[in-house]
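Me: I am in my first year and would like a close look at the side-chain contacts in this structure, beginning with the aromatic rings and then turning to the charged residues. Please take me through them slowly, in one connected answer.

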Amino acid sequence: MILITFAGLDPFVTGRYSREHLENLASLFETDEDEICFFAPDGTIVHDGVEQTSWNVRVTVEAPRRLAAVEEEVSSYLLRTLQSFAINIEVLFRYFDEEHLHRHLSEDYPRYIGKDEIREAEEEAGEEPEPWLGDAFAERREELEELERRLGEKAAHDDDKE
């Protein structure tokens, strides 16, 4: 698997980027789309106490060593296409020998969860319930009225002293 990590880019932006650029990146890597994943860590790049999200982004590409031949094309593509999401961009490649990559792919389930399997919260819940507009203090209404009466008496008594 090729793993492309975006440090300093909002996870939602990374999701959008992956949808829009997966096909082109697979073509550049000369591989199947199923071999590329994106990682959007929910963290922040900080410099001198100031958050740098989208201002400074480090893209790390972890890929099999055999793909070093397309590094220039891939880095050029990433740098060019990320300019609409980030100001300063670095792309770092980390290569590994494929004999050091071990995997288990389930025979019972698809490799990835597809868009059809994702349900939005509104879809699951159906119609939203109407908000309750009742009196939350109904059971203690008499007690509250008694407290208000006593506070009123105390305030009147305090005014008489002045």
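Reply: Counting ring pairs gives five aromatic pairs, and it should be said at once that the model is a predicted one. One of these pairs joins Phe6 and Tyr17, whose ring centres are 5.4 Å apart and whose planes meet at 65°, an arrangement described as edge-to-face. The label follows because planes over 60 degrees apart count as edge-to-face. Since Phe6 belongs to strand β1 (residues 2-7) while Tyr17 belongs to helix α1 (residues 11-29), the pair ties together parts that are 11 residues apart in sequence. Are these two residues buried or exposed? Phe6 has a relative accessible area of 0% and is therefore buried, and Tyr17, with a relative accessibility of 0%, counts as buried too.

A second pair, formed by Phe93 and Tyr95, has its ring centres 5.9 Å apart and its planes at 15°, so this pair is stacked. Here the cut-off to keep in mind is that planes under 30 degrees apart count as stacked. Phe93 has a relative accessible area of 12%, and so Phe93 is buried, given that buried means under 20%. Returning to Phe6 and Tyr17, we find that they belong, along with Phe38 and Phe85, to one aromatic cluster.

Now for the charged side chains. How many salt bridges does the structure hold? There are 10 salt bridges in the structure. In one of them Arg140 is joined to Glu143, with 2.9 Å between the closest N and O atoms, and Glu143 is partly exposed, its relative accessible area being 43%.

Helix α4 (residues 141-161) deserves a slower reading, and Arg149 is a good place to start. Arg149 forms a salt bridge with Glu146, where the closest N and O atoms lie 2.3 Å apart, and Arg149 also forms one with Glu153, where the corresponding separation is 2.4 Å. Why are Arg149 and Glu146 separated by about one helical turn? They are three residues apart in helix α4 (residues 141-161), and therefore about one helical turn lies between them. Glu153 and Arg149 are likewise both in helix α4, but they are four residues apart, which is about one turn of the helix. As for accessibility, Arg149 is partly exposed at 40%, Glu146 is partly exposed at 29%, and Glu153 is partly exposed at 45%. These contacts can be read as part of a wider arrangement, for Glu146, Arg149, Arg150 and Glu153 are linked in a network of salt bridges.

The last region to consider is one where like charges gather. Glu23, Asp32, Glu33 and Asp34 form a negative surface patch. Asp32, one of its members, is found in the loop between α1 and β2 (36-39) and is partly exposed, with a relative accessible area of 48%. The loop between α1 and β2 also holds Glu35, which at 22% relative accessibility counts as partly exposed. Finally, although Glu35 and Met1 are 34 residues apart along the chain, their C-alpha atoms are separated by 4.7 Å.

How values were computed:
Residues are numbered from 1 along each chain as its sequence is written. This is a predicted model: local features need pLDDT of at least 70, side-chain atom pairs count only at pLDDT 80 or more; totals for chains, interfaces and linings use all residues. Side-chain values use heavy atoms; hydrogens and water are left out. Rings of Phe, Tyr and Trp (its six-membered ring) pair if their centres lie within 6.5 Å; planes under 30 degrees apart count as stacked, over 60 as edge-to-face and the rest as tilted. Helices (H or I, at least four residues) and strands (E, at least two) are DSSP runs, numbered from the N terminus. Buried means under 20% relative accessible area, exposed over 50%, partly exposed in between (1.4 Å probe, protein chains only). A salt bridge is a side-chain nitrogen of Lys or Arg within 4 Å of a carboxyl oxygen of Asp or Glu. Patches are made of residues with over 30% relative accessible area and no salt bridge: like charges are joined within 9 Å, nonpolar side chains (Val, Leu, Ile, Met, Phe, Trp, Tyr) within 5 Å. Accessible areas come from the Shrake-Rupley method with a 1.4 Å probe; for residues, only the protein chains shown count as cover. Lys and Arg count as positive and Asp and Glu as negative; His and the chain ends are not counted. The place of a charge is taken as NZ of Lys, CZ of Arg, CG of Asp or CD of Glu.
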